[in-house]
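The following questions and answers set values against definitions. Please look at the model first, and then follow how each term is reached.

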Amino acid sequence: MGHLLTDVEPVGLLDHFYKLTQIPHPSGGERAICLYICDLAKRHGLEAIMDKAGGDDFGNIIVKCPATSGYEKAPTAVFQSHLDMVSLPVGHSDVPLDLLLDGTMLRARGSTLGADNGIAVAMALSLITEPDIPHGSLELLFTINEEAGMTGAIMLSDKVLQGRILINIDSQQKGTLTVSSAGANISILRMPLKMEAVENGLMPVLIRITGGRGGHSGLEINSGRANAGILLTRLLYGESKKVHLYLNNINWGNVDNAIPPEAGAVVLVRPEDLRIIKDAVQRWEEIFIKEYGKKEEQLRVSLDEDLPVPDFVMNNTTAERVLSLLLVLPNGVHKMSSDMEGLVETSSDVAKVRTSRTELTVNVSQRSSVDSSLDAIIDRCEAVANLSGAQLKNVGTNYGWKPDMKSRLLAVCKDAYRQTLGEEPRVVGIHGMLECGLIKAKYPDMDVISMGPTIIDAHAPTKADFIPGVDSDTTGERIDTARMPGFWEFVKTVLKKIALLEMR
Ligand SMILES: [Zn+2]
């Protein structure tokens, strides 16, 4: 029976994609799609190995796809995609997708499309079902749960892959080849707080910074955006030199991987100092707006007096230590790459701060494409913790993927790109994490590249009442099917060129 994409080129690839969209596969819910892929491999007489990264009965899959006749001597390549998709809106994760074509643009009505990373999965399945595509021996690696913590790639065994060439199809910008991604770590600092009773007559105020642009702490760390928490700390630190500020709490950030757009602190002041602090709030707003200019036009500093008097405040020494710690922790870009122009090599984001009755907790998220540089910035946080009497614990440490501009695979891909698409690709690194970076850390001698067709608004749903030809400019994950044949040709050319490489 035909479907929406039956006659759309490349026919085999889009047929696989269509079938994938009919099997719900949100992050964590990949069991059905895992079974589908293992079954498809088996029906084509191929070996499929599945680990237990997702639970007792599903996980990452490796399908071993032998070389096409004549290319048996080529080096084995790993062809990688991830099985899960960001399934939005909430409540939509267990129904087949309702695909629609708006001209040549493919979307899913009322939901995300899952082109990230379904197109790549469909390419891998085409390699299973289309015997006339020339390639050397392949390991088709399908990982799970990329979108919700990359736990599949993290749990992948470091002994299961034979290939030492890895092609990852999870970049979303056609025309670019990605050759570097960041490693990451989160340092959690805990500092005990000494509190005391509140003196009579003090007035509580809530000072807030709001309206920051925030954003992903990897991808946006170099875009000149403000960490609202650090600005608030500067204000409090500066003013505490003029008036006595009694600090009750300071809090910001909800997640570890974002630049905090807002922050707040409750402080108590003597009635005669209230005017001074109100003026200060205004003055600091002007200072921040001047410093950040067009990068942060919505920044606001506000003061709210309508608060109940809290039972306790930090004692002087503690408050001073808290503000000093927050001010000196590394925040922002630490070092730019010396291998690649414009790439942030190492950064740190003071992402989250919480105050309880007894303890201050600070989550600092560091990233680097260079392992020793990641270690160095973690050590700096540890040194600051030591000086301020805080304890530090590191979690989620993963090393990065450093660019290798002399990579043989990169040369092959550039060549194939010129040949099939007639233009020079841009070679880029990203300061976020990629699964292939995690895999590279397990297989250090692997030659790795990441590429992909353009996906617009990945992870964003298309509205349910979308009208083709009318709502074309509205948000929603989509791909241009007209550009798919060219990209698929490029990928096949890369595989063919690898098949012609000498073993090394
Ligand atoms: Zn993806």
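Q: Why are helix 1 and helix 3 called oblique to each other?
A: The two helices pack at an angle of about 120 degrees, with their axes 8 Å apart. Axes are lines fitted to C-alpha atoms, for helices over the stretch in contact, and the angle runs from 0 to 180 degrees between N-to-C directions. Angles under 35 degrees count as roughly parallel, over 145 as roughly antiparallel, 65 to 115 as roughly perpendicular and the rest as oblique. Helix 1 and helix 3 are therefore oblique. This is a predicted model, in which local features need pLDDT of at least 70, side-chain atom pairs count only at pLDDT 80 or more, and totals for chains, interfaces and linings use all residues. Residues are numbered from 1 along each chain as its sequence is written.

Q: What makes a stretch a helix or a strand here?
A: Both are DSSP runs numbered from the N terminus: a helix is H or I with at least four residues, and a strand is E with at least two.

Q: Which residues bring helix 1 and helix 3 into contact?
A: In helix 1, they include Leu13, Phe17 and Leu20, and in helix 3, Ile119, Ala122 and Leu125 are among them. Contact requires that the C-beta atoms of two residues, placed from the backbone, lie within 7 Å.

Q: Why does Asn145 count as buried or exposed?
A: A residue is buried if 20 or more other C-beta atoms lie within 10 Å of its own, exposed if 12 or fewer, and partly exposed in between, with C-beta atoms placed from the backbone. Asn145 has 24 C-beta neighbours inside 10 Å, and therefore counts as buried. The residue is placed in the loop between strand 6 (138-143) and helix 4 (151-155).

Q: How do you know the class of His459?
A: His459 has 15 C-beta neighbours inside 10 Å, so this residue counts as partly exposed. Its place is in the loop between strand 21 (447-450) and strand 22 (479-480).

Q: What makes the phi of His459 and of Asn145 notable?
A: Most residues other than glycine have a negative phi. Phi of His459 is near 80 degrees, a positive value, and Asn145 has a positive phi of about 55 degrees.

Q: How do you know that helix 10 is mostly covered?
A: Six of the eight residues in helix 10 (residues 435-442) are buried. Among them are Cys436, Leu438 and Ile439.
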